[in-house]
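Trainee: I would like a close look at one part of this model, with the rest added as context. Please keep the account connected.

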Amino acid sequence: MENKTYVVTAAPPNPNGDLHLGHLSGPFLGSDVLSRYLRQTGHRVHHVSYADEHSCYVPRKAAEIGEDPHRTAYRFAQRMERSLAGGNMLPDRFAHPKQDPRHVEVVHDLFLRLWERGRLEVRTQRVFHCETCDLNLYEAELTGLCQECGSTNGGMYCEACGWPQASDGLAEPRCHFCGEAPSIVDEERIVLPVERYRKALRNYLDSVDLRPRPRDFIKALLAEPLEDAAFTRRGTYGVPVPLPGWEGHIIDTWFAGVCGYLFSLDTLQGGMNSERSGRDIWEDPETAVVHFLGFDCLYSHAVFWPALCMAEESLVLPEQIVTNEFYQLEGLKFSTSRGHAIWGSEFFEEHAADAVRFYLARTSPETEETSFYRQRFDAATRELGTYFGDTAELLVGMVRRSYAGRIPRFDAAAPGKYTAMAQERVDRLAAAFDVRTFSLRSAAEELRSFAVETYSEVFRIYSLGQETAGGGRRLHDLAEAFLRLVVAAYPIMPTWSESVLRHFGAEVSWSLDGLRTWPEASVNLTGDALVGPELRTPLARYRGQR
Ligand SMILES: [Zn+2]
Ligand SMILES: [Zn+2]
């Protein structure tokens, strides 16, 4: 397999609160798992995201709590970063656009490229206006019913069906601040006429392996003429429009979204003027961009930004777009206002990140809404302790009692029975982690049955005291099979995987790009493998709960 460069992105959350398990179960876990797997298989990965600090949900939240919006954005973005770090899913760069003036440069650069090439148009759009608040209302400043599916919604993309709302399209609109019904006024906006790219978008999206609901959504959306996508709007909280006569107008954060990724990539590389800037990477036709996002961000990632890349003519189009549906808590929607949420930063203090990651992967809302259930999580965690933790300990126990802690050594010949079985499992896992067929659920299920199978054999041989069969060949075979499981578990359970491997004397260097470590190449027990003095796997502390 050829080594490629990947840009893997996780959709930016609004820093108007911490991240709860619902947020973490989606784009962040998915992009982290894929990035780890791609690195294991020898590819170069830039895993980026950022806090959407320019979102209009930030000043709305700030007004509610009587705080300066810049402070609100900063505070929550920091907290999000801690939550992500707690779950071992912090991207290589989680950028904070408002903290770095270079973000504005990246946004202006892209805007002016499009403007100067005549790709953007000035149009008059009809928008909602609140007389009482003297404000043109936008996204978070509005509530009403989706023009497409009728569910309660803000003024932008529908959370339920993903449909983009026309600027005056929401039914039964109300001002979020005063509750009054708004009037409709004209507003000059700079737009991208997305309709020009509809045919090209259809062709392009045929090459992307979308999941079923996104596939249907795109088909329905592209069957009819597309509305202009607004780049600018009246406002003060955001990046100003860099053109004379447009004072008091800002560049919409939805447009700037793709710039957020570019900016994040840029800062990772050392800035726009570095030897190989974020743009250099994104313009390289060999680069593969993979987006992870919630279904409600599908329009921006699959339609608006690809059209923008086509208009701009140098940024490569995403190779894959992976969506998720909503994740619930005990069968009900997560709700910050009702306190129905489990916050990442708190949960990771009490629970091993690997156990949480495994459960979130196993219940991942890939094609339908799924839910976190506390009792099932506890049961699943105990199970992990048995199938993963105990297997390691029993194996180490046999190596100690019969071979003084040194795994019997055999030069590589035909793989033993267990190793051959394990290799089949590894191949199936590779399919679950593959970019085109990526599935956290399949990966977690596959990993679980792999562990159950390994555990039963290890437990049986341990109980019967048969580890010396074949002059140690059986134990060697079992250890090889088990270590394949350990390496293949790394994308989902990195802490456990690394600690067990280290214990078995394996070098762990997965953070390095370009070094292939996926099972068949990395697990090599032909050298001296001496098991460490004490095995403390990160899952062991759940023993007491059994
Ligand atoms: Zn809708
Ligand atoms: Zn109002």
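Trainee: How are the donor residues of the zinc ion (ligand 2) spaced in sequence?

Mentor: The model is a predicted one, and what follows is computed from it. The donor residues of the zinc ion (ligand 2) follow the spacing C-x2-C-x41-C-x2-C. The residues concerned are C130, C133, C175 and C178, each giving its SG atom, and the donors lie 2.2 to 2.3 Å from the metal. C133 sits in the loop between β4 (121-130) and β5 (135-136), while C175 belongs to strand β8 (residues 171-175), so this pair ties together parts that are 42 residues apart in sequence.

The geometry of the site can be stated in terms of angles. The four donor atoms around the zinc ion (ligand 2) subtend 97 to 114°, and the arrangement is tetrahedral because four donors count as such if all angles lie between 85 and 135 degrees. For reference, the ideal angle for four tetrahedral donors is 109.5 degrees. As to exposure, C175 has a relative accessible area of 2% and is therefore buried, the cut-off being under 20%. C133, at 30% relative accessibility, counts as partly exposed.

There is also a zinc ion listed as ligand 1, and it can be read in the same way. Its coordinating atoms are the SG atoms of C146, C149, C158 and C161, at 2.3 Å. The donor residues of the zinc ion (ligand 1) have the sequence spacing C-x2-C-x8-C-x2-C. The angles among the four donor atoms of the zinc ion (ligand 1) are 107 to 112°, and this site is tetrahedral. Here C146 is buried, at 4% relative accessibility, whereas C149 is partly exposed, with a relative accessible area of 40%.

From the metal sites we can turn to the strands, beginning with β2. Strand β2 covers residues 44-50, and six of its seven residues are buried, so the strand is largely enclosed by the rest of the structure. It has a parallel partner in strand β1 (residues 5-10), to which five bridges join it. Within that pairing, T9 stands opposite V48 in β2. Helix α1 (residues 21-40) joins β1 and β2 in a β-α-β unit, which is right-handed. β2 also pairs with strand β3 (residues 93-95), again in parallel, through three bridges. One position to inspect there is S49, whose bridge partner in β3 is F94. In general, the strands of a sheet pair through backbone hydrogen bonds, either parallel or antiparallel.

The antiparallel case is found in an open sheet of three strands, ordered β11-β13-β12. Its edge strands are β11 (232-234) and β12 (239-240), each of which pairs on one side only. Three bridges join β11 to strand β13 (residues 249-251) in the antiparallel sense. R233 has I250 in β13 as its bridge partner.

Two backbone details deserve a check in the viewer. E313 has a positive phi, near 70°, and is not a glycine. E313 lies in the loop between α9 (298-312) and β15 (320-324), and it counts as exposed at 59% relative accessibility. E330 also has a positive phi, near 50°. This residue is in the loop between β16 (327-329) and β17 (332-333), and with a relative accessible area of 38% it is partly exposed. As background, most residues other than glycine have a negative phi.

Finally, the chain as a whole. Its secondary structure comes to 17 helices and 18 strands. The C-alpha atoms fill a box of roughly 85 × 45 × 40 Å along the principal axes. For 546 residues a compact globule would have a radius of gyration near 24 Å, and the 26 Å of the protein chain agrees with that. Of those 546 residues, 57% count as buried. An unreviewed UniProt entry places the feature "domain: Methionyl/Leucyl tRNA synthetase" at residues 6-379. Over residues 6-379 the chain is 37% helix and 21% strand, with its end C-alpha atoms 36 Å apart.

Technical notes:
Residues are numbered from 1 along each chain as its sequence is written. Chains are lettered from A and ligands numbered from 1 in the order in which they are written. This is a predicted model: local features need pLDDT of at least 70, side-chain atom pairs count only at pLDDT 80 or more; totals for chains, interfaces and linings use all residues. Side-chain values use heavy atoms; hydrogens and water are left out. Donors are N, O and S atoms within 2.8 Å of the metal (3.2 Å for Na, K and Ca); water is not among the atoms, so sites may look incomplete. Four donors count as tetrahedral if all angles lie between 85 and 135 degrees; four count as square planar and six as octahedral if opposite donors are over 155 degrees apart and all others between 65 and 115; anything else is irregular. Buried means under 20% relative accessible area, exposed over 50%, partly exposed in between (1.4 Å probe, protein chains only). Helices (H or I, at least four residues) and strands (E, at least two) are DSSP runs, numbered from the N terminus. Two strands pair if DSSP finds at least two bridges between them. A crossover is right-handed if, with the strands pointing away from the viewer, the path from the first strand over the helix to the second runs clockwise. UniProt positions are given in the numbering used here, feature names are shortened, and annotations may be inferred rather than shown by experiment. The radius of gyration is taken over C-alpha atoms; the globule rule is 2.2 Å times the number of residues to the power 0.38.
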